[in-house]
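Colleague: I'd like to learn how to read helix packing in a two-chain model. Can you walk me through it?

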Amino acid sequence: MIYLQLFWSFFQVGLFSIGGGYAAMPIIQNQVVTQHGWLSMTEFADVITISQMTPGPISINSATFVGIRIAGIWGAVIATVGCVLPSCIIVLTLAFIYYKYRNLTLAQGILGGLRPAVVAMIASAGLAILVLAFWEGKPVSVNPQDLDWISIVLFSICLFVLRKWKSDPIIVMSGAGFVGLCAYYFLGR
Amino acid sequence: MKKDLKFFWKLFTSTFSLSAFTFGGGFVIVPLMRKKFVQELHWIEEEEMLDLTAIAQSSPGAIAVNAAILIGYRLAGFLGALITVVATVLPPLIILSIISVGYTAFRDSVIVNYVLKGMQAGVAAVIVDVVINMAQEIVKEKHALPIIVMVGAFIAACVFKVNVIYIVLACGIIGAFSVRKKNPAKEGEK
């Protein structure tokens, strides 16, 4: 029963990918390429590339992609449900515990330690994207020829707009996409 | 806050549009959610959002999905969680289903690449903006420990590439010890 296999495979992906994002990648590869042979390694690499180009988590993207290739649209839906289910169970349990005990001193202390850590980790992820945008994945250097100046100008304008007018991020990003298209198309790189 | 149809529709559309614009996955959606639910709609408090982020980060699965579940549950219980999960999963499900048909053309398209390059700069700006706000909140409290933890965690994540799970664990333990030592009298407050 292919639906059951898809469900179980992506249930495991959802369950064992801790730390988000790229942490899921080797687990998906193991399930989809090594164990079941649903995708070739090249196809899997394509899924990762497409995942980076489209919104949504890598695990959900590959669940959809694999599901639809193996068993049509219902395959995609079932693989996605399997992928999300472990999260639902575990996160809801933790949420219940959090709302029950968050006023305890100990819980307050733990959460007080976690808050600055969360800010730091978001900052770290932001920096990684910044480096990718400015240097296009090449090694970081101060040589102006290696820098993507369009991206730097776009970034500066976006940041200025966000800080000054507190604009809606989705509008800012859409604008950046449109201006980016025009700039790269007409100015080259 | 009334839990009527209008509220659920707003919850669905907000989560849906956030998910549709989460390029780069993981931590990108968290600043966006914060901007939407904390600053714009005022449905969730600042500190609570950080707590929910920590839970989303340390649970298995995609952070975007975990954070959505938590926000939905916080705002409207299980029904809320169901709505936000569906709203988060739907955009990638639809987009990938369409792309899987002609994916080589999409992958190699110059136009698509240019738009995405532009959006990448925009995403980076959004994250930097949010990080500045969040760091200001922490510095403003003028306690040494949170600032040290923030800087230390940043160095650990960024320079030493320490697995986030260990960072979360270590900072949780530091936090637990800080209350035990400093103020046992704080019990029962809040």
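Modeller: Let's start with one contact between the chains. Pro169(A), Met173(A), Ala176(A), Gly177(A), Gly180(A), Leu181(A), Tyr184(A) and Tyr185(A) of helix 7 of chain A touch Ile111(B), Tyr114(B), Val115(B), Lys117(B), Gly118(B), Met119(B), Gly122(B), Val123(B) and Val126(B) of helix 6 of chain B. Contact here means heavy atoms within 4.5 Å, and helices (H or I, at least four residues) and strands (E, at least two) are DSSP runs, numbered from the N terminus. By class, this contact has 12 nonpolar, 4 polar and 1 charged residues. Ala, Val, Leu, Ile, Met, Phe, Trp, Tyr, Cys and Pro count as nonpolar, Asp, Glu, Lys and Arg as charged, and the others, Gly among them, as polar.

Colleague: Before we go on, what sort of model is this, and how is the numbering set up?

Modeller: This is a predicted model, where local features need pLDDT of at least 70, side-chain atom pairs count only at pLDDT 80 or more, and totals for chains, interfaces and linings use all residues. Residues are numbered from 1 along each chain as its sequence is written, chains are lettered from A and ligands numbered from 1 in the order in which they are written, and side-chain values use heavy atoms, with hydrogens and water left out.

Colleague: Back to that pair, then. At what angle do helix 7 of chain A and helix 6 of chain B pack?

Modeller: In general, two packed helices are described by the angle between their axes and the distance between the axes. Here, helix 7 (residues 169-187) of chain A and helix 6 (residues 110-140) of chain B pack at about 135 degrees, and their axes are 7 Å apart. Axes are lines fitted to C-alpha atoms, for helices over the stretch in contact, and angles run from 0 to 180 degrees between N-to-C directions. That makes helix 7 of chain A oblique to helix 6 of chain B; angles under 35 degrees count as roughly parallel, over 145 as roughly antiparallel, 65 to 115 as roughly perpendicular and the rest as oblique.

Colleague: Is the crossing of helix 7 of chain A and helix 6 of chain B left-handed or right-handed?

Modeller: Right-handed. A crossing is left-handed if the near helix is turned anticlockwise from the far one by less than a right angle, and right-handed if clockwise.

Colleague: Which residues make the contact of helix 4 of chain A with helix 3 of chain B?

Modeller: Leu94(A), Tyr98(A) and Tyr99(A) sit on the chain A side, and Glu48(B), Asp51(B), Leu52(B) and Ile55(B) on the chain B side. They split into 5 nonpolar, no polar and 2 charged. The two helices cross in a right-handed way, at an angle of about 145 degrees with axes 11 Å apart.

Colleague: And within chain A, how do helix 5 and helix 6 pack?

Modeller: Their angle is about 135 degrees and their axes lie 7 Å apart. Leu130(A), Ala133(A) and Phe134(A) of helix 5 meet Ser151(A), Ile152(A) and Phe155(A) of helix 6. That contact comes to 5 nonpolar, 1 polar and no charged residues.

Colleague: How many helices and strands are there in chain B?

Modeller: Chain B has 8 helices and 0 strands, while chain A has 7 helices and 0 strands. The radius of gyration of chain A (taken over C-alpha atoms) is 21 Å, well over the 16 Å from the globule rule for 189 residues, so chain A is more spread out than a compact globule. That rule is 2.2 Å times the number of residues to the power 0.38.
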